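Q: Could you take a close look at one charged side chain here and tell me how it sits among its neighbours? I'd like to hear how the other charged pairs, the cysteines and the overall fold look too.

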Amino acid sequence: MPTRMAQDMGRILTTLTITNRADQVRAKDGTISPEQIRSVTLNDVLIDTGATTLCLPQDVVAQLGLELQKEVDVATAMGIGKARIFRDAVVSLCDREGTFECLELPGGRTALLGVIPLEALGIELDLQNQKLKVLPISPTDTYLTIM
C-alpha cells in the first residue's frame, strides 16, 4: 500500500492519482482520445482528519482542468476565508476509486485528503501502525451499509 509515515511529524502521507472525470466521459464518447485524459499522480499527500474533503493546490487544479462548481466560505487556521470548489475529481487510492469535489488550496500548498473521500472509499487510518487500512468489500463482509 503506497503510504508512509513522516517520521518527524507523526503524519500519514500517501500517493494518490487524480483524474478529470469529465475528460473520461469525453474519451468514452469519442470527443477526445484516451491519451487526452488529464491525470496527475501526487506523492506525499497528507491524510488530514481535520479536513473534510480533497484539497488540491491551484496548479494541480489547473493542470487537471477541473470545472469550477462554486465559491464557499471555509474555516482555516487563519480564520474564515473564501475558497473555490471544483467538481469531478476522480481519486484512486489503495485500488479504490471514487469521484469527489475538491477544494482549491492557495499557492503551492501540499495536497490534503480529508475524511469524506476516505470514508466513501472504505479506507480508514490505522493510527497504531501509522498507515491506511482498506476496509473489506466482499459478499461476506463489507464496509458499505444500508440501514
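**Asp126 and its surroundings**

A: Once its neighbours within four places in sequence are set aside, Asp126 has contacts with Lys131 and Lys133. Bear in mind that this is a predicted model. Asp126 itself belongs to strand S9, which covers residues 123-126.

Here's the curious bit: Asp126 is buried, yet it has no salt bridge. The nearest side chain of opposite charge is that of Lys131, at 4.9 Å. A salt bridge needs the side-chain nitrogen within 4 Å of a carboxyl oxygen, so that pair doesn't count.

What about Lys133, the other lysine that Asp126 touches? That one is paired with Glu124 in a salt bridge, with the closest N and O atoms 3.9 Å apart. Glu124 is partly exposed because its relative accessible area is 34%. Lys133 is partly exposed as well, at 42%.

Now for the other charged pairs. The structure has 5 salt bridges. One joins Arg84 to Glu104, with 2.9 Å from N to O. It ties together distant parts of the chain: Arg84 sits in strand S6 (residues 79-93) and Glu104 in strand S7 (residues 96-105), 20 residues apart. Its two ends see solvent to differing degrees: Glu104 counts as buried because its relative accessible area is 9%, whereas Arg84 is partly exposed at 33%.

Lys82 and Asp73 also meet through their side chains, again at 2.9 Å from N to O. This pair is out in the open: Lys82 is exposed at 60% relative accessibility, and Asp73 is exposed at 52%. Then there's a network, in which salt bridges link Asp23, Arg26 and Arg38.

Arg38 turns up again around a buried polar residue, Asn20, which touches it. Asn20 lies in strand S2 (residues 11-20), and it counts as buried because its relative accessibility is 2%. What does its side chain do in there? A polar atom of that side chain lies 2.8 Å from the backbone nitrogen of Ala22. Leaving out residues up to four places away in sequence, Asn20 is also in touch with Ile37, Leu64, Gly65, Leu66 and Asp88, besides Arg38.

On to the cysteines. There are 0 disulfides anywhere in the structure. Cys102 is in none, and the nearest cysteine sulfur, on Cys55, is 8.2 Å away. The cut-off for a disulfide is 2.5 Å between sulfurs, so that pair doesn't qualify. Cys102 is buried, with a relative accessible area of 0%, and Cys94 is buried too, at 13%.

Zooming out, the protein has 3 helices and 10 strands. Reading from the N terminus, the order is β-β-α-β-β-α-β-β-β-β-α-β-β. Buried residues make up 38% of the 147 in the protein. Among contacts with a separation of 6 or more, 56% are between residues 24 or more positions apart. The accessible surface is about 8,900 Å², and carbon and sulfur atoms hold 50% of it.

Back to where we began: Asp126 is buried without a salt bridge, while Lys133, one of the lysines it contacts, has a salt bridge with Glu124.

Definitions and conventions
Residues are numbered from 1 along each chain as its sequence is written. This is a predicted model: local features need pLDDT of at least 70, side-chain atom pairs count only at pLDDT 80 or more; totals for chains, interfaces and linings use all residues. Side-chain values use heavy atoms; hydrogens and water are left out. Helices (H or I, at least four residues) and strands (E, at least two) are DSSP runs, numbered from the N terminus. Buried means under 20% relative accessible area, exposed over 50%, partly exposed in between (1.4 Å probe, protein chains only). Lys and Arg count as positive and Asp and Glu as negative; His and the chain ends are not counted. Contact means heavy atoms within 4.5 Å. A polar contact is a pair of N or O atoms within 3.5 Å; within protein, one must be able to donate a hydrogen and the other to accept it, and residues adjacent in sequence count only if both atoms are side-chain atoms. Accessible areas come from the Shrake-Rupley method with a 1.4 Å probe; for residues, only the protein chains shown count as cover.
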